[in-house]
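Work through the exercises below with the sequence and the coordinates at hand. Each task is followed by a solution in steps.

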Amino acid sequence: VGMSGCVENISSITAGLAKKDRFIQAAKELSALIQANYSSEDDVIREKCFAACKRAASLLKSRYTAVGFWRAGRCIGSARAEYIEH
């Protein structure tokens, strides 16, 4: 996937995070995308991934308080932490 496709994918995932019935799937997609692209040299992709992670955290704090949502959010955090350390 090229940079523009990746950016579009991140935008689609971010929109999915805002929908309660799509949050868990979108969180899984974001986690996979981070694992595949966060180490990219492209700052735009890293910034978009980081913004999506912040949005997910904000939604978890404000709207999605059930355990299942937090488990999905944890996979995002784990994926992000793994690639930030490297």
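Two residues are in contact when heavy atoms of one lie within 4.5 Å of heavy atoms of the other. The structure is a predicted model.

**Exercise 1. Contacts of Ser 31**

Task: Place Ser 31 in its helix, classify its exposure, and list what Ser 31 touches beyond four places in sequence.

Solution.
Step 1. Ser 31 belongs to helix H2, which runs over residues 23-37.
Step 2. The relative accessibility of Ser 31 is 7%, so Ser 31 is classed as buried; the cut-off for that class is under 20%.
Step 3. With residues up to four places away left out, the contacts of Ser 31 are Cys 75, Ile 76 and Ala 79.
Step 4. A further distance involves Gly 77, a residue of helix H4. Its C-alpha atom is 8.0 Å from that of Ser 31, although Gly 77 and Ser 31 are 46 residues apart in sequence. Gly 77 has 37% relative accessibility and therefore counts as partly exposed.

**Exercise 2. Overall layout**

Task: Give the secondary-structure pattern of the chain, its buried percentage and the makeup of its exposed area.

Solution.
Step 1. There are 4 helices and 0 strands in the chain, and the order along the sequence reads α-α-α-α.
Step 2. The chain has 86 residues, of which 33% count as buried.
Step 3. About 5100 Å² of the chain is exposed, with 51% of that area from carbon and sulfur atoms.
Step 4. Take the contacts in the chain with a separation of 6 or more: residues 24 or more positions apart account for 64% of them.

**Exercise 3. Helix spans and faces**

Task: Compare the expected and the modelled spans of H1 and H3, then assign the residues of H3 to its buried and its opposite face.

Solution.
Step 1. Helix H1 covers residues 3-17, which is 15 residues; at 1.5 Å a residue the expected span is 21 Å, and the end C-alpha atoms are 21 Å apart, so the two values agree.
Step 2. In H1 the buried residues are Cys 6, Val 7, Ile 10, Ile 13, Gly 16 and Leu 17.
Step 3. Helix H3 covers residues 43-62, which is 20 residues; the expected 28 Å agrees with the 28 Å between its end C-alpha atoms.
Step 4. Buried in H3 are Ile 45, Cys 49, Ala 52, Cys 53, Ala 56, Leu 59 and Leu 60. Viewed down the helix axis, these buried residues fall within an arc of 125°, so they line one face of H3.
Step 5. Exposed residues on the face of H3 turned away from the buried side are Glu 47, Lys 54, Lys 61 and Ser 62.

**Exercise 4. The aromatic pair and the core**

Task: Which kind of aromatic pair do Phe 23 and Phe 69 form, and which residues of the largest nonpolar core touch the most other members?

Solution.
Step 1. The count of aromatic pairs is 3. The pair of Phe 23 and Phe 69 has 5.8 Å centre to centre and 75° between the planes, which makes it edge-to-face; the angle cut-off for that class is over 60 degrees.
Step 2. Phe 23 is in helix H2 and Phe 69 in helix H4 (residues 67-85), so the pair ties together parts that are 46 residues apart in sequence.
Step 3. Phe 23 is buried at 0% relative accessibility, and Phe 69 is buried at 12%.
Step 4. One aromatic cluster is formed by Phe 23, Tyr 64 and Phe 69.
Step 5. The largest nonpolar core has 23 residues, and those touching the most other members are Ile 10, Leu 17, Phe 23, Leu 30, Ile 34 and Ile 76. At least two residues of this core come from each of H1, H2, H3 and H4, and H3 gives the most, with 7 residues.

**Exercise 5. Two residues compared**

Task: Describe the location, exposure and contacts of Ala 56 and of Arg 63.

Solution.
Step 1. Ala 56 lies in helix H3 and is buried, with a relative accessible area of 3%.
Step 2. Outside four places in sequence, Ala 56 is in contact with Leu 17, Phe 23 and Ile 76.
Step 3. From Ala 56 to Trp 70 the C-alpha distance is 9.8 Å, at 14 residues apart in sequence.
Step 4. Arg 63 is in the loop between H3 and H4 and is partly exposed, at 43% relative accessibility.
Step 5. Not counting residues up to four places away, Arg 63 touches Ala 18, Lys 20 and Arg 55. The C-alpha atoms of Arg 63 and Lys 20 are 8.7 Å apart, and the two residues are 43 residues apart in sequence.

Technical notes:
Residues numbered from 1 in each chain as written. Predicted model: local features only at pLDDT ≥ 70, side-chain atom pairs only at ≥ 80, totals over all residues. Heavy atoms only, no water. Buried < 20%, exposed > 50% of the residue type's maximum accessible area, 1.4 Å probe, protein only. Phe/Tyr/Trp six-rings, centres within 6.5 Å; stacked < 30°, edge-to-face > 60°. Areas by Shrake-Rupley, 256 points an atom, 1.4 Å probe, with all protein chains shown as cover. Expected span 1.5 Å × (residues − 1). Arc of directions from axis to C-beta. Core = buried A, V, L, I, M, F, W, Y, C linked by side-chain atoms within 4.5 Å.
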